[in-house]
Amino acid sequence: MSPADQGRKVSLAESIGAHLLLVVAVAFALYPLLWVVSLAFSGAVEPTPRVLPVPIEPTLEHLRGVAFSTLQVPGEPDRWLFGLQLANSIVISLATALVGVVIAVPTAYALARFEFVGKNGGMRALLATQMFPAVASAIPLYIILDGLGLLGTRSGLVLCYATTAVPFAIFQLRGAFETIPRDLEEAAMVDGATRFEAFRKVVLPAARPAIAVTALFAFMSAYNEFVLAHTMLGREEMYTVPVVLQRYISEFSADWPKFAAGSLIVSIPVMILFYIAQRHLIAGLTAGGVKG
Amino acid sequence: MVAVTARAIVKRFGATEVLRGVDVHVPDGGFAVLVGPSGCGKSTLLRLLAGLEDVTAGEIRFGERDVTRLAPRDRDIAMVFQSYALYPHLTVRDNLAFGLNLRKTDLATIASRVAEVSAMLGLDLLLDRLPRALSGGQRQRVAMGRAIVRRPQLFLFDEPLSNLDAALRAQVRVEIRKLHDQLGATSVYVTHDQVEAMTLADRIFVLNRGVVEQVGPPRDVYDHPRTRFVAGFLGSPAMNFLDGVQVDAGGLALPGGQRLAIRDPERFGDRLQPGRTVSLGVRPHDFVVRPDAPDLTVEVELVELLGPELQIHARLGGRPLAVCLDSQSGVARGDRLPLAVRALHLFDPETGQSLRV
Amino acid sequence: MSSRTCSPGHVLGALLAVLALLAPALARADELRLWHAYRDAEATALVEIVEEFAARTGHRVELLAVAHESFGSKLAATIPRGQGPHVFIDSHERIGDYRLRALLGDAGPALGPDADYSAQSLAAVTQDGARWGVPLNAKSVALFVNTRLAGAVPDTLEGIAALPMPAGVYPLAYEAQSAYGHMPLLAAFDGRMLADDASFGFVGPAAARSLAFARELVERGAVPRDADGALVSDLFRSGRAAFAISGPWLVGQLAGVEFAWRVVPLPIVGETGLPMRPPLTVEAAMLSPQGSASPAALDLVRALASAEAAAVRQRLAGTLSVRTDVPVPEDSPVLAGFRAQAELAAPMSADPAMRSTWEPAFRAIRKVLRGQASPEDALAEAARRFADVRRPPPPAASPTPALLLLGLGLLLVAFHLVRRARDPAARQALRASLPAYRYVAHSVVVVGLLVFLPLIVGAATSLFAGRPGEGYYVGLANFFEILTARGGPLLATGSFWFVLLVTFLWTAVNVVLHLGIGLALGLVLSRPTLRLRALYRVLLILPWAVPSYVTALAWKGMFHQQYGAVTGLVLAINEWFGTSLEPIAWFSRFATAFAANVATNVWLGFPFMMVVTLGALTAVPADVLEAAEVDGASRWQRLTRVTLPMIRPALAPAVTLGAIWTFNMFNVVFLVSGGDPDGSTDILVSEAYRWAFTREAQYGYAAAYAVLIFLLLLVTTRLPAWLARRPRGAR
Ligand SMILES: Nc1ncnc2c1ncn2[C@@H]1O[C@H](COP(=O)(O)OP(=O)(O)OP(=O)(O)O)[C@@H](O)[C@H]1O
Ligand SMILES: [Mg+2]
């Protein structure tokens, strides 16, 4: 290698190359999304092959149609249904993230720090849960939930989502805990903490970015799910948004523009979350604090 | 504050026995330094004292208190880690206050102690920073401060200076000793840096392969190493060893045909029967130039100027020998150098034990 | 204490707050539950009717809109547990299926005099002499005419197809490729999908001639290829089709179009002289067993079926009532058109076997329209497929051997446990594990109860056959059937072994691309000198942030042969560069359909890998790379010898999990190619879903698939470890 190659300055060609790659990737990432956007804002249809996803006769009608749907309960004043459903989606997903993380964190910590009988078996079993397709376990799950009196409740749904999110969360968090130096906990214990206090006051905060990411995963999995939600929820004001959107594309009469508009609306909270979390997504877990 | 006594400590990790019956006693207010080569079990011993590991056998007492089975938090100790182990999510202030908070100390006390310690260590301006925004030396001082602020009965240090540069290390070393004298708490300090060991310690514990080879004040251990290992481990440059040296009447037959008289043979009692083989050890600094009546003569191969002194790589009967002389000595390569030996050490070639009685 | 640490008090508080929000809204005892699949105007009409009922009787009615596709599965999940509706409005053709699953109660008491209903509609809800629903509305497709493009309506379909049209305008748009869309044409050739004895009707010369006829329409360009309902609507709405065969749902979308249009019955096919007769769907109010026992629910059904209600529906939603005493309003030619059509239509068969006709018929029609098979061959294949799906489940087997084995296994386990419990070393280890158990116990309970238990029960289902509730033990017969490809050739399309190969190919290609693209982007994005890093990062994560069912469908749209954006790109390239590339019919060949699926799934999955890579890269300290650089490693060597090995541990779990998820990623396959062509791009899970949901609800069989998938994944992921393990003697 020539010395010039090793210089800290990045050559122009190289940086152009990097940007070119990224621009192509961004185009690939955005193109299908732009079609969804274009569909949501189009006031007319134009069945011809097109390259650029620009809306035809732009209109806000579909967005409005989706966003301002009301719940008409016989004999009661109408309520803002979509708002309720969006709130449901968000609350259920947040609860899933919270419950999932709360369940997963101590377990992941034990897997990262302790040796115990059944540890390897447990890890394998955890991985194995990811392998079994839900098609065969859905019905037994309903029966169990019914036995627990949770069928048809949002809490039951949250519990289902959270438990399905737990195995992956445990894997993710175990990795994060393993990167946190044991010194930190030991220092805390010498400073007067119990093992649990050390875990809570030192390890948890140090693992915050990883926990945030794990929570985001759990949130997403709940936020986009509709099969279980559709089957489990028995009242319209309990529905989550994916269930509602599903109804716009029934076999006979698909209302694509409304479906697209609804999808856009539901994506917004997620995008905001991603935007907030992306700093964490990549943040170093233990920057500073350990060896200079 | 408290004396530390560890008796017959054995520590096993699975099948490997890391400590094999170690006894340690540090008097109240003493400064003990554990030295030894890498992997000899220093950190393990320290962690046992801290309660971070459980002993396999043996007993640890702090003063009259048996702490063998106590959790770290109940031992009233503070520890400075080699990695510093600063809590990355807490500011310097919160790092310092962490232990006090855990003990539910009232806020006013915490504030005043933190202020006191940060003034002592010059951390005042850094209190609101996160550890990642500190330099190595500053982190080290925070780690120290975190230990001091708690006013524990016992300080434990695990190579706290090894991540610092030489100048800073010397400076902090002095600070640590001063702090110790000021606070008067008992300290146990792990290092494999000789200078640290020699300068800081009241008492040095030399560990080797899980046993304590020698204990004593630094001067004592340095001057009268009990084993060849201790002799070789302490001192820089390391002691010269000439193996297979034959004892004859009142002297030693050196390689290359020279003979070295032993001035005070009574020190060795009756262990110097003529004809037996011994290992001879001489520290490089224990040579002096004596043209008139040399004990031995060596050929100079290389001379290095280390500022105040010269380090000379010489040969004695073909064997390498290091000699340190005053830089004014005017020795040059190729010289035949007449030397006298101020002090010599003799060891049993099999057991490595010193032959001194 | 610093505000940066979170105390358990905060967490607990948050948990409680959330749980309070989620507290079950308790169903009131006096409440009637009514489920429907309506939206827009139809939903408004229903609300008005129910409001009137509630005001009159004082009953509370809880309305719930349920997606049409999932109506059955939701009913099946809730009715047996008392959580289902009392009354639900659904299509009559599901009656047979619902009856089999014991979801229906007798609706006879709510019916009133027979004379109130059209004969057709009564026939539709009658089975085995009982009435299983009260008919409300009738729906069928009819012919929509754009009167600007077509002044007069030709009498015959041939006449319509031959009408001269401006460029880019089709004479006729209909869903030629779907079985439902083909049914009117089939009827004009005197054929039908399902014979009276529930055998496959889509066979013989009539079916073959109808297929040949449809193929000719498509090949002549008189009818668009690959048209689904949405495209038919769009073509007619935008004036690009002079005629369209569509249903009442198109009416609402035609508000505000610039041309005049009307609705007339479907034409005659000149070749046979018979009219095209669409299947008639009768929407009926049905009662669950719980509902049929409730006088209030019966009252509600009566209210829904009343002449007043029919009038409301007709007025607000333009639905065609089946009541004989509700005339079509004078001022509604559209409704008159539909009524005329309805009189000519025949109710769709409500036999549960009907469900099994769709998939074979659909595949046959597609194959013929694409010119990939002659009508005769395609129909023979369809008949074989239908027979295969309808084949009676394996005979019951004696469970004794299995129970014996199970008992023996439990005994062994118990023996082993007792032995371990007496071993002091094991006890010591167990005691040392106690603190750790305090951290894992709750997970074990929750995951065990809600993940493992269903999984084990689900796996046990694979030993049973028949419908849920009346299943019987068959031993390993399901597995035997699957592994022997149901007696067909082992590597035929759709056989387990073929699908397995496709699944492995699918997983391998996806994982390689995910990892490759994710790594490349991660590495580029991690360069500290890169400008606009944060922007790129956010934009590249977006595919992950938008719900995948939306974007998968967007991708499917992009791959439409005629109107998709990919075709648009091809045409644009032709225009710019003077090339003459042919737009690709993506879903007509395995390679291209597979590629379309892969493109979609790669698009969905690469952001995850990118983020994982970025995270892993933060663990590679700069000094290690610099050390390697000083040691003379080239950039490539630094990547392959330092960076990649260092991030491997962090990537490995993500890759393993990614592979497992891809293996079971049925969404994309289902939504994008739907298995096209001819089921060849189906993967094992989508096959399992088909058996469970679109064919005969053979849960045992689907569960056997699931177990096989599980075992395959288990073996594949454990294989490297097993191979690496030394033989026992070496210990
Ligand atoms: N948890 C453990 N399990 C097994 N072996 C261990 C464990 N901790 C330490 N050891 C072993 O015990 C021996 C002593 O380790 P220790 O950390 O005490 O050495 P040390 O004297 O501090 O060395 P250094 O100067 O390099 O820090 C080493 O051989 C080490 O490999
Ligand atoms: Mg150490």
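**Figure 1. Chain A meets chain B across a buried area of about 2300 Å².** In this predicted model, carbon and sulfur atoms give 61% of the area buried between the two chains. If you would like to trace the contacts yourself, look for 22 residues on chain A and 25 on chain B.

**Figure 2. Four salt bridges link chain A and chain B.** One of them to look for joins Arg73(B) to Glu197(A), with 3.8 Å between the closest N and O atoms. Polar contacts between these chains amount to ten residue pairs, both residues being at pLDDT 80 or more. On the chain A side, α8 (182-190) and α9 (195-206) each supply at least two of the residues that touch chain B. Helix α8(A) provides the largest share of that side, seven residues. Sorted by class, the side of chain A that touches chain B holds eleven nonpolar, five polar and six charged residues.

**Figure 3. Chain A and chain C bury about 12000 Å² between them.** Here carbon and sulfur atoms give 72% of the buried area. The contact involves 128 residues of chain A and 142 residues of chain C.

**Figure 4. Salt bridges and polar contacts connect chain A with chain C.** The salt bridges between these two chains number four. Among them is the pairing of Arg235(A) with Glu62(C), whose closest N and O atoms are 3.1 Å apart. You will also find 22 residue pairs in polar contact across this interface, with both residues at pLDDT 80 or more. Helix α2 (residues 12-41) of chain A gives the most to the side that touches chain C, contributing 16 residues. By class, that side of chain A is made up of 84 nonpolar, 24 polar and 20 charged residues.

**Figure 5. Residues of chain B surround ligand 1.** The shell includes Phe13(B), Val18(B), the run Ser38(B), Gly39(B), Cys40(B), Gly41(B), Lys42(B), Ser43(B) and Thr44(B), and also Glu159(B) and His192(B). Three of the shell residues are nonpolar, six polar and two charged. Helix α1 (residues 42-50) of chain B supplies the largest share, three residues.

**Figure 6. Oxygen atoms of ligand 1 approach Ser43(B), Thr44(B) and Cys40(B).** A side-chain N or O atom of Ser43(B) is 2.5 Å from a ligand oxygen. For Thr44(B), a polar side-chain atom lies 2.5 Å from an oxygen of the ligand. At Cys40(B), by contrast, the partner is a polar backbone atom, 3.3 Å from a ligand oxygen. On its own, ligand 1 has 640 Å² of accessible area, and the protein covers 58% of it.

Notes: Residues are numbered from 1 along each chain as its sequence is written. Chains are lettered from A and ligands numbered from 1 in the order in which they are written. This is a predicted model: local features need pLDDT of at least 70, side-chain atom pairs count only at pLDDT 80 or more; totals for chains, interfaces and linings use all residues. Side-chain values use heavy atoms; hydrogens and water are left out. A residue is near a molecule or strand if one of its heavy atoms lies within 4 Å of it. A polar contact is a pair of N or O atoms within 3.5 Å; within protein, one must be able to donate a hydrogen and the other to accept it, and residues adjacent in sequence count only if both atoms are side-chain atoms. Accessible areas come from the Shrake-Rupley method with a 1.4 Å probe; for residues, only the protein chains shown count as cover. Helices (H or I, at least four residues) and strands (E, at least two) are DSSP runs, numbered from the N terminus. Ala, Val, Leu, Ile, Met, Phe, Trp, Tyr, Cys and Pro count as nonpolar, Asp, Glu, Lys and Arg as charged, and the others, Gly among them, as polar. Contact means heavy atoms within 4.5 Å. Buried area is the accessible area (1.4 Å probe) that two parts lose on being put together, summed over both. A salt bridge is a side-chain nitrogen of Lys or Arg within 4 Å of a carboxyl oxygen of Asp or Glu.
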